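Please examine the model shown below. The paragraphs after it move from backbone geometry to the ligand shell, the helix packing and a small sheet.

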Amino acid sequence: MTIVNAHRHAALVEHSRQLIKDLQDPGGAYPASSDFSAYQGYCWFRDGSFIADGMSAAGEVASASAFFDWCAGVLEANRERVCQVTAAARAGQPLPDQAMLPARFQFDGRPGQDDWWDFQLDGYGAWLWAVVAHADRHRLDLARWGEAVGLTVDYLASSWERPCYDWWEEHDDKVHISTLGCVLAGLKAAAGRAVVAGERAERAQAAAQAVEAVIRRQGTADGHLVKWIGSRELDGSLSALLAPLAVVDPNSELGRGTVAALEDQLLVEGGVYRFRADTFFGGGRWPLLTCFLGLARQAQGNRQGALACLDWAGGTATPSGDLPEQVDGGLLLDRSWKQPWVDRWGPVATPLLWSHAMYLRLAAALDLVSAADQPEPVSPRPPAPSGPPQSAAMDAAPGRSLMGRGGAMAVPGSSSGVADTAAAGGGTGSGRSDQTAPSDRTAGTEAES
Ligand code: BGC
């Protein structure tokens, strides 16, 4: 099998690269999506780190470096908060979830203005992994981001065992294997570097070993990785542990078992679902997850399978070349949940920068990104974004109330906010899946595959 349409593929690579560059904030932040109501004005550490990794792999050195500068500025502005978190954890009195670093920030580095499912550790692991990979890939001096790298090591080493929301901002009472995968990748990447020295390096090593042991002993069932500790289910994000995070050998029994199970249970007509009980926008298939599967297949030596993933993801583009967060394609897991989400937040996020970045990343892994793109010279790190005030930032953030944007919302982290998910036909825990009463916003149309 070859790529379905090489011209369209090349055009989509260029469109993706340009779109991400055009939408990147001058301060370095990558918006999750330019005009999707719930994401507008925000940069997630998770999305951003994978976007930067895709750009870095495509030779867009300056763009990726600017994002890592932004991350470093945010972390340095929150230095006092990180110190409080680590000191409390060492004293055996961990701070509450609300005091932890949020999953997303405004472009100027301030925390969110809206209620959100904010305590997520994976993005901090992902940034650590991605910035080291970027520095290695382009022979850059990691010292530029050294202080923030150190702070992140302290934060993760102190708190990695805590349950928190997952990649999909759900189930904050669980310890998620994809979250642990990001944390492990970040700690492993940072541990051997000169910017992480002495006792901090030992802590990073010890934490990485402990995370790895938990993944091996408690993060598997039936020969594959699982969604969270105690579950036997899968999650589409798990292929990331094989590639690009590389914390599970893609050709080991566990690596092969995980890909086989994902293909068996979550891959349908070329596209990958998040998980079988997904109800978000009805539960469609995600181009970015399909690209993650493609990366894992490529790492296993299955180039044809990886190309099939690239083809499918590329086929979800709108006529103007924009890639959505997910597609309907007549294959939603629970169609009854589509309209309530459209009513609440509008049509599916399109373009989603993370989708474009994963497309770029897979294309680069397949050597399909033009070598004509010369790395741009890296300028010295500019001044950090103004950032939040040091420790009061998260406490002062308004909007941490019962009401999310546009209607009633389960309270993040509160069991009283858990909807009757059996009746709702889907998710089984707290978080994004527990939307209760969508607002009466006007319906829109969705990008279809
Ligand atoms: C996804 C997150 C993502 C966010 C922004 C959410 O719908 O579940 O993984 O970080 O959108 O793209």
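P351 is placed in the loop between α12 (338-345) and α13, where helices (H or I, at least four residues) and strands (E, at least two) are DSSP runs, numbered from the N terminus. The peptide bond joining T350 and P351 is cis, with omega about 0°. This is a predicted model: local features need pLDDT of at least 70 and side-chain atom pairs count only at pLDDT 80 or more, while totals for chains, interfaces and linings use all residues. Residues are numbered from 1 along each chain as its sequence is written.

A cis peptide bond also joins A243 and P244, here with omega of about 15°. P244 belongs to the loop between β4 (224-225) and α9 (253-265). A further backbone feature concerns E169, which is not a glycine and yet has a positive phi of about 65°. E169 lies in the loop between α6 and α7 (177-191). Most residues other than glycine have a negative phi, and most peptide bonds are trans.

E169 is also one of the residues around the ligand. The others in this shell are A32, Y39, W44, R46, D47, W167, W168, L352 and W354; a residue is counted as near a molecule or strand if its C-beta atom, placed from the backbone, lies within 6 Å of it. By class, the shell holds seven nonpolar, no polar and three charged residues. In this classification Ala, Val, Leu, Ile, Met, Phe, Trp, Tyr, Cys and Pro count as nonpolar, Asp, Glu, Lys and Arg as charged, and the others, Gly among them, as polar.

Two residues of the shell, D47 and W354, return in a helix contact. Helix α2 (residues 45-57) packs against helix α13 (residues 353-365) at an angle of about 35°, with the axes 8 Å apart. Axes are lines fitted to C-alpha atoms, for helices over the stretch in contact, and angles run from 0 to 180 degrees between N-to-C directions. The crossing of α2 and α13 is left-handed, a term used if the near helix is turned anticlockwise from the far one by less than a right angle (right-handed if clockwise). From α2 the contact takes D47, F50, I51, D53, G54, M55 and A57, and from α13 it takes L353, W354, A357, M358, L360, R361 and A364; two residues are in contact if their C-beta atoms, placed from the backbone, lie within 7 Å. These residues comprise 10 nonpolar, one polar and three charged.

Helix α6 (residues 146-159) has its axis within 9 Å of that of helix α4 (residues 79-90), and the two cross at roughly 30°. α4 is therefore roughly parallel to α6, the class for angles under 35 degrees (over 145 is roughly antiparallel, 65 to 115 roughly perpendicular and the rest oblique). Their contact involves R79, V82, V85, T86, A89 and R90 of α4 together with L151, D154, Y155, S158 and S159 of α6. It contains five nonpolar, three polar and three charged residues.

The axes of helix α3 (residues 61-77) and α6 likewise come within 9 Å, crossing at roughly 60°, which makes α3 oblique to α6. C71, A72, L75 and E76 of α3 meet E147, A148, L151 and T152 of α6.

Finally, three strands form an open sheet in the order β5-β6-β7, with antiparallel pairing; strands pair if DSSP finds at least two bridges between them. β5 (267-268) and β7 (285-286) are the edge strands, each pairing on one side only. Strand β6 (residues 271-273) is joined to β7 by two bridges, and V272 has W286 as its bridge partner in β7.
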